[in-house]
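Reader: I am new to this structure and would like a close look at a single part of it, taken slowly. Please explain each term where it first comes up.

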Amino acid sequence: MENMESRSKILLQHPISPPSFHNGGSPCYHSARGHPQSQLDARTTQVASITSARRRGNHSDPIMSVSVTFVGSGDSFGSGGRFNTCILVDAPRIRFCIDFGASSLIALERLDIPHNTIDAILLTHLHGDHCGGIPFLLVDAMLGAKRDRPLTIAGPKDTSERLKVVAEAMMPGMHVMVPKFPITYLDLPLLRTCDVGPVRVTTFPAIHTQATNPTSMRVEIADKVIAYTGDSEWTEHVPALADGADLFIAECYFFRKPVRFHFNYPDLVTHKTEIRAKRIVLTHLGKEMLANIDSVSEQCAYDGLVIAL
Ligand SMILES: [Zn+2]
Ligand SMILES: [Zn+2]
């Protein structure tokens, strides 16, 4: 641990290329790559085992160019014994997480995935079950895990400032610690496309607790598209978010009772024809949803599920 008078130095380092923004401020939706429905239906969900090399962050596995691991598939409250949201993506040249909830370090340990192997974390919004694991990761990276690999943390408006407040609230005194690895914080503007290293990220407005600066997120990496609602009610942006995606991840909080600020199963039933993705996986499952999971025909995530794209 080193004492420093300011953490500003941390924010000035750029371990991977600074973000580049596309379309000069105009909303930007990448065009969908068309796939006939019959072709989509013919695709079967491929659940791959995690190889030891994969767990250790070896990105050169020639079999899976992009894989998605549901490290945490639960809601905020540990329903069903599930961990908070954390979706790990392995792709050539990068391993990154989408969301990193408070229990994510425990969940990664369960899967034998060292957090030092994660290059970037993308946050959809600033609720603790989606970003609360970051202070623990940073402290362990500095003290126990002895990280030297650069780390980028990108999220919605005010992520840079708000995460500092979260960190100091959860780990008081942390502000005096200065990482020996480069760390970059990025605030991603809404309805813009940014490059975070090799990952192209487009954010969409979400309808959720406004104070969390909620977004939905479309991620393009290695010719694959992963779209994720984050926590949100159905919005007019969801069709563009999901259009042509190789994987559309939808939170699905409740089965029968539509709950405000969340995507629930009745929303999926109502809007399914508007979601033109190759594959749908439901996550962020609450107690009532879990109790009815056998009545759901769509694939539901569980902690440790791996999908090869
Ligand atoms: Zn949540
Ligand atoms: Zn939330």
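Author: Apart from its neighbours within four places in sequence, L137 is in contact with F100, L105 and H115 (contact means backbone-placed C-beta atoms within 7 Å). The model is predicted, with local features needing pLDDT of at least 70, side-chain atom pairs pLDDT 80 or more, and totals for chains, interfaces and linings using all residues. Residues are numbered from 1 along each chain as written, with chains lettered from A and ligands numbered from 1 in written order.

L137 lies in helix α6 (helices are DSSP runs of H or I with at least four residues, strands E runs of at least two, numbered from the N terminus). Because 22 C-beta neighbours lie inside 10 Å of L137, this residue counts as buried (20 or more other C-beta atoms within 10 Å; 12 or fewer is exposed, in between partly exposed). L137 and A102 stand 35 residues apart in sequence, yet from C-alpha to C-alpha they are 9.8 Å apart in space.

L137 has company in α6, where I134, L138, V139 and A141 are buried as well. The cover over the buried residues of α6 includes the strands β3 (94-100), β4 (120-122) and β5 (151-155), together with the helices α4 (104-110), α5 (128-131) and α7.

Of these, α7 deserves a closer look. Helix α6 spans residues 134-143 and helix α7 residues 159-170, and the two pack at an angle of about 75 degrees with their axes 9 Å apart (axes are fitted to C-alpha atoms, for helices over the stretch in contact, and angles run from 0 to 180 degrees between N-to-C directions). The two helices, α6 and α7, are therefore roughly perpendicular to each other (65 to 115 degrees; under 35 is roughly parallel, over 145 roughly antiparallel, the rest oblique). On the α6 side I134, P135 and L138 take part, and they meet L163, V166, A167 and M170 of α7. Sorted by class, the contact between α6 and α7 consists of 7 nonpolar residues, with no polar and no charged ones (nonpolar are Ala, Val, Leu, Ile, Met, Phe, Trp, Tyr, Cys and Pro; charged are Asp, Glu, Lys and Arg; the others, Gly among them, are polar).

For the wider setting, the protein chain comes to 10 helices and 14 strands. Of its 309 residues, 44% count as buried. Among the contacts of the protein chain with a separation of 6 or more, 69% join residues 24 or more positions apart.

Elsewhere, I226 is in contact with V68, V89, V219, A245, D246, L247 and I249, leaving aside neighbours within four places in sequence. One of these residues, V219, belongs to β9 and stands opposite V201. Strand β8 (residues 199-205) and β7 are paired in the antiparallel sense over 4 bridges (pairing requires at least two DSSP bridges), and V201 in β8 is the bridge partner of C194. β7 and β8 make a hairpin with 2 residues between them, and in the turn G197 has a positive phi of about 60 degrees. With β9 (residues 215-221), which runs antiparallel to it, β8 shares 6 bridges. As 5 of its 7 residues are buried, β8 is largely enclosed by the rest of the structure. These strands belong to an open sheet of 7 strands with mixed pairing, in the order β7-β8-β9-β10-β11-β12-β13; the edge strands, β7 (193-196) and β13 (299-300), each pair on one side only.

Definitions and conventions
Contact = placed C-beta atoms within 7 Å.
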